[in-house]
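Got the viewer open? Let's walk through this model together, from the inside to the surface and then to the backbone.

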Amino acid sequence: MRTPGIFIFGMVLAPCGWILELVCTVAPAWRTINTIPGESIDLVLQQGLWDICKTFTSSRDITCNQQDTQYFKAQIIQIARGLMLASLILNVIAIGVASAGVRCWTDKPHWTLAGIGGVLIFISGVLTIIPVAWYTHIMTSIFSTSTDIRVGYCLVLGFIGGCMEVLGGLVMSIGLCRRCDGRKSRTGGVKSARDPPPRQRVTALSVISASSGSASSVPYYSKHSEMDFTRAKAQQPSRPVNTANKALPYDSDL
């Protein structure tokens, strides 16, 4: 049996979303701060969940491990760290469960196990979208030395990765619906007293051809099955034999 398309769709989106989430969690580019007072004009400060990097637009030099105590003490930073780590771990577990349910090496997939893996992937995507959306909403209110605050590429990757996981997990969870429908169809066939009795299936006999001796598959109905008695075969009347007018022998026959 070929692997269902919903499982292929989910198993492709889940790892791709996990990679984007990993980059979003580790990279220090949730927001960028430009035009910092008292600093060079081309200085750009990139702030993330775990690190802050300093770079210049006129050169490619990047200096990380910058300290900003007030920024890291913000409530959103602490919550976003926990949710992003939980999402990464849950996504790995979900992919393992879904892979065991899909079972490409067997004839039939395990719909229940694959559906549970899809639900876990869906939850992992939700855990990613929550901190990313929250951070984007209050980005300008977090402590900063400048008012020129812009969205970093990590937020974009986080949104895309979370949406991919939500979509893939939602599609894979259809396996649970199919499993439930299958159980209802097997156990829910209760007959009602008002239902008409089922039609009896009549096996038609084959007609044997007298000329060729071959059997025909065309069904026919015999009147003998509809009558309670058997008719006697009509006997044909015997032809009378005229013995009076017999030809007399000729002289040549003597």
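Here is a short tour of the cores, the aromatic pairs, a helix, a surface patch, a salt bridge and two backbone angles.

First, the ground rules: this is a predicted model, where local features need pLDDT of at least 70 and side-chain atom pairs count only at pLDDT 80 or more, while totals for chains, interfaces and linings use all residues. Residues are numbered from 1 along each chain as its sequence is written, and side-chain values use heavy atoms, with hydrogens and water left out.

Let's start inside. A nonpolar core here is a set of buried Ala, Val, Leu, Ile, Met, Phe, Trp, Tyr and Cys residues joined through side-chain atoms within 4.5 Å. Buried means under 20% relative accessible area, exposed means over 50%, and partly exposed is in between (1.4 Å probe, protein chains only). The largest core has 24 residues, and the members touching the most others are Trp30, Tyr71, Ile77 and Tyr135. At least two residues each come from β2 (43-47), α2 (69-72), α3 (75-102), α4 (111-137) and α5 (153-172); these labels are DSSP runs numbered from the N terminus, with helices (H or I) of at least four residues and strands (E) of at least two. The largest share, 4 residues, is supplied by α3. Another core of 10 residues lies apart from it, and its members include Ala94, Ile95, Val102 and Trp111.

Now for the rings. The whole structure holds 2 aromatic pairs, counting rings of Phe, Tyr and Trp (its six-membered ring) with centres within 6.5 Å; planes under 30 degrees apart are stacked, over 60 edge-to-face, and the rest tilted. Tryptophan 30 and tyrosine 135 have ring centres 5.1 Å apart and planes at 75°, so they pair edge-to-face. Tryptophan 30 sits in the loop between α1 (5-26) and β1 (31-34), and tyrosine 135 in helix α4, so this pair ties together parts 105 residues apart in sequence. Both tryptophan 30 and tyrosine 135 are buried. The other pair, tyrosine 71 with phenylalanine 72, is also edge-to-face, at 5.3 Å centre to centre and 70° between the planes, and both of its residues are buried.

Helix α4 deserves a closer look. Its 27 residues reach 39 Å from first C-alpha to last, close to the 39 Å expected at 1.5 Å a residue (that is 1.5 Å times one less than the number of residues). Among its buried residues are Trp111, Ile121, Val132 and Tyr135. Helix α4 also gives the most, 3 residues, to a nonpolar surface patch. That patch is formed by Val119, Phe122, Ile123 and Leu170, with about 300 Å² of accessible area together. Patch members have over 30% relative accessible area and no salt bridge; like charges are joined within 9 Å, and nonpolar side chains (Val, Leu, Ile, Met, Phe, Trp, Tyr) within 5 Å. The areas come from the Shrake-Rupley method with a 1.4 Å probe, and for residues only the protein chains shown count as cover. Valine 119 has 33% relative accessibility, so it counts as partly exposed.

What about charges? The search finds 1 salt bridge, meaning a side-chain nitrogen of Lys or Arg within 4 Å of a carboxyl oxygen of Asp or Glu. Aspartate 148 and arginine 150 make it, at 3.4 Å from N to O. Aspartate 148 is partly exposed at 22%, and arginine 150 is partly exposed at 46%.

Finally, the backbone. Most residues other than glycine have a negative phi. Threonine 35, in the loop between β1 and β2, has a positive phi near 50°. Asparagine 65 has a positive phi near 60°; it lies in the loop between β4 (62-63) and α2, and is exposed at 62% relative accessible area.
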